[in-house]
Amino acid sequence: MSEKQQWATRVGVILAVAGSAVGLGNFLRFPGNAAQNGGGAFLIPYFVALLLLGIPIGWAEWTMGRYGGRKGFHSAPGIMGVVGKGPVARYLGITGVVIPLVVYFYYVLVEAWCLCYAWNYATGGIGLQGSEVPAQVEGSKAFFGEITGSGFDGFLADGALHQSVVFWILTFAINLWFVYRGLSRGIEAFCRYAIPCMAVFAVIVLVRVLTLGTPDPAKPEQNVLAGLNFMWNPDFSKLTDFQTWLAAAGQIFFSLSVGFGVIINYSSYMRRKDDVVLSGLTATATNEFFEVALGGMITLTAAVVFMGVTLTQANTGGTFSTGFFALPVVFAHMPGGNFFGAIWFFMLFLAAITSSLSMLQPAKAFFEETLGVGRKASTTIIAGITLVGNLFVLWFSKDLVAMDTIDFWVGTFLIFVMAGVQLIAFGWLFGIERGWKEAHEGAYIRIPGIYKFVIRYVSPAFLLIVFVGFLFQNLPDQLDEHGVVTSQGWISKIQANTTMQLALGLVLAVILLLVIVTVVGARRWAREGRDLNGQRDADSEPAWTRD
């Protein structure tokens with residue numbers, strides 16, 4: 001029988017949810033997206049998406065999770081079956097286990113890269129001193145390729161282990177250890193110390209960046225004010241580009257962990273009268289502080305100061321490029337650069353590990369409640385699955401194709417699907433009035449009434465528009481006015497690339513496994529007399545299933 005778990009404190013669950021959101025997306029992805037999409041102009045659709053998608057979906061997740069927990073369920077399939085009132089919602093809820101579990105296949109490797117970089121900076125740097133900026137950018141990319149093995153497949157192909165393999169073994173073990181220890185003694189305990197440490201490290205680097213002034217008198221246009229101006233003054237012409245709105249919505253999903261399957265799991269361990277409205281808003285605000293006030297201001301300002309706006313835009317925009325390509329060049333020019341580089345990348349490691357811990361917990365809870373096993377067995381199962389996934393991504397490291405494929409189809413595409421399922425389940429199947437009443441049980445503040453309309457109509461419509469645009473932009477080949485392919489779409493890429501096909505095969509295999517386990521779990525829940533289709537009120541459940 002799975003063991004009963006709860007959060008030790010309200011602050012603990014807020015920090016844990018914030019920790020799941022505060023990750024590499026805040027410090028690597030957000031600055032790149034902002035630079036590529038007009039600097040300050042990106043912030044306008046970004047905050048619109050926050051208000052119309054991020055916050056309302058977050059509130060829905062917190063509420064559904066707590067309600068499902070009162071029914072005795074802690075996994076997305078179990079909770080969605082109750083809220084969505086039937087097997088269709090339950091099996092769509094499997095997406096909430098697939099996403100964090102499969103994203104972990106590559107995310108923990110990026111986590112290992114951060115620790116590897118921190119180690120190299122702490123022990124002498126990465127060898128970029130004494131060159132011109134363009135040469136240093138190339139040197140930074142070469143070091144990244146060496147660390148990640150992106151020049152070839154197979155982590156032994158060059159006759160020795162990648163450095164990152166050694167650090168992957170360490171991070172893999174750390175993650176399993178804290179997840180095995182459970183919610184309060186593992187995840188909550190780690191986040192209670194890691195989040196404040198991240199804030200301190202980030203503030204140290206931010207203060208250093210904001211006091212750089214104009215380090216090169218020969219380039220007076222490259223100064224701190226120019227960097228801040230680039231981030232906060234919008235280029236309004238970018239607002240007419242649908243790609244800017246698409247990138248902003250994608251950033252909100254990636255950053256806040258909404259539609260990820262984590263929040264709905266974490267909130268299921270809360271008691272009936274535990275606040276979810278202010279807690280959800282506080283976790284969101286914490287993430288936004290780390291993302292905009294720290295991640296954006298550090299990365300974009302420093303890059304403009306040392307590289308100028310043009311090179312900053314040329315070396316940002318990807319998930320990894322800003323942090324792993326541009327910032328090492330910044331540290332090479334900064335007095336005490338190795339020290340600040342070590343702090344920066346260790347902070348990224350802490351941010352990554354608070355997120356990766358949250359990716360394992362939903363799968364652990366899923367196997368415990370579907371199979372009726374304890375934490376040792378569930379930890380062993382997820383260790384086996386993620387070990388296979390990690391080794392797959394490690395082996396197929398050439399050009400990071402396997403990683404990019406999983407990131408697109410699971411870390412982006414499926415998140416849109418899960419967010420849509422949750423909005424429909426909360427606003428329509430569970431019922432907005434019933435959901436509203438449930439959300440305000442024990443709430444410290446009230447949600448503005450306009451959000452009833454937003455959750456039922458505006459958020460689904462906004463999400464649908466963004467999702468259709470996302471598919472149009474990414475699946476087919478993009479052609480110019482003469483019919484010439486300017487950008488290859490994912491359909492063509494998959495047809496021509498065996499590694500991508502294998503990566504998708506791995507994802508489908510995981511989905512099939514989880515479907516089978518869900519079938520087993522549903523039969524087990526039915527035998528136990530659980531209300532797996534949400535036909536009874538939560539207060540009528542047997543005492544053993546609720547607080």
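## A buried ion pair

Let's start inside this predicted model. Lys71 has a relative accessible area of 1%, so this residue counts as buried. Its partner is Asp531: the two side chains form a salt bridge, with N and O 2.4 Å apart. The contact ties together distant parts of the chain, 460 residues apart. Lys71 sits in the loop between helix H3 (40–70) and helix H4 (76–83), and Asp531 belongs to the segment after helix H21 (498–527). Asp531 is buried too, at a relative accessible area of 4%. Both values fall under the 20% cut-off for burial. As a general point, side chains of opposite charge can pair when their charged atoms come close.

## Other salt bridges

How many salt bridges does the structure hold? The count is 10, and a few more of them deserve a visit. Lys452 pairs with Glu433, and the closest N and O atoms are 3.1 Å apart. This pair also links distant parts of the chain, 19 residues apart, with Lys452 in helix H19 (residues 450–474) and Glu433 in helix H18 (residues 432–439). Here the surroundings are open to view: Lys452 is partly exposed at 25% relative accessibility, while Glu433 is exposed at 51%.

A further bridge joins Arg524 to Glu528, where the closest N and O atoms are 3.3 Å apart. Arg524 is buried, with a relative accessible area of 14%, whereas Glu528 counts as partly exposed at 30%. There is also a network, in which Arg66, Arg70 and Glu438 are joined by salt bridges that share partners.

## Helix H11 and its ends

Helix H11 covers residues 242–256. Its 15 residues should span 21 Å at 1.5 Å a residue, and the end C-alpha atoms are indeed 21 Å apart, so the expected and computed lengths agree. Is H11 mostly covered or mostly open? It is mostly covered, with 12 of its 15 residues buried. Among the buried ones are Thr244 and the run Leu246, Ala247, Ala248 and Ala249, as well as Phe253, Phe254 and Leu256.

Both ends of the helix have something to show. At the N-terminal end, Asp241 acts as a cap, placing a side-chain oxygen 3.0 Å from the backbone nitrogen of Gln243. After H11 comes Ser257, which has a positive phi near 70 degrees.

## The largest cavity

The structure holds 7 cavities of 30 Å³ or more, and the largest encloses about 150 Å³. Its lining has 19 residues, and Ser20, Tyr107, Phe254, Phe260 and Met359 lie nearest the centre. Two or more lining residues come from each of helix H1 (10–21), helix H2 (24–36), helix H6 (95–122), H11, helix H15 (337–371) and helix H17 (401–429). Phe254, met above as one of the buried residues of H11, is thus a familiar face here. By class, the lining has 10 nonpolar and 9 polar residues, with no charged ones.

## The second largest cavity

The second largest cavity has a volume of about 100 Å³. Which residues lie nearest its centre? They are Trp62, Leu256, Ile263, Gly280 and Thr284, out of a lining of 15 residues. The elements giving two or more residues to this lining are H1, H3 and helix H13 (277–314). H3 contributes the most, with 5 residues. Leu256 is another of the buried residues of H11. The lining divides into 11 nonpolar and 4 polar residues, again with no charged ones.

How values were computed: Residues numbered from 1 in each chain as written. Predicted model: local features only at pLDDT ≥ 70, side-chain atom pairs only at ≥ 80, totals over all residues. Heavy atoms only, no water. Salt bridge = Lys/Arg side-chain N within 4 Å of Asp/Glu carboxyl O. Helix = DSSP H or I, 4+ residues; strand = E, 2+ residues; numbered from the N terminus. Buried < 20%, exposed > 50% of the residue type's maximum accessible area, 1.4 Å probe, protein only. Expected span 1.5 Å × (residues − 1). Polar contact = N/O pair within 3.5 Å; in protein donor to acceptor, adjacent residues only side chain to side chain. 1 Å grid on protein atoms, 1.4 Å probe; cavity = no way out; pocket = protein on both sides within 12 Å on 5 of 7 lines; lining within 4 Å. Points joined across faces, edges and corners; volume = space filled by probe spheres on them. Nonpolar A, V, L, I, M, F, W, Y, C, P; charged D, E, K, R; others polar.
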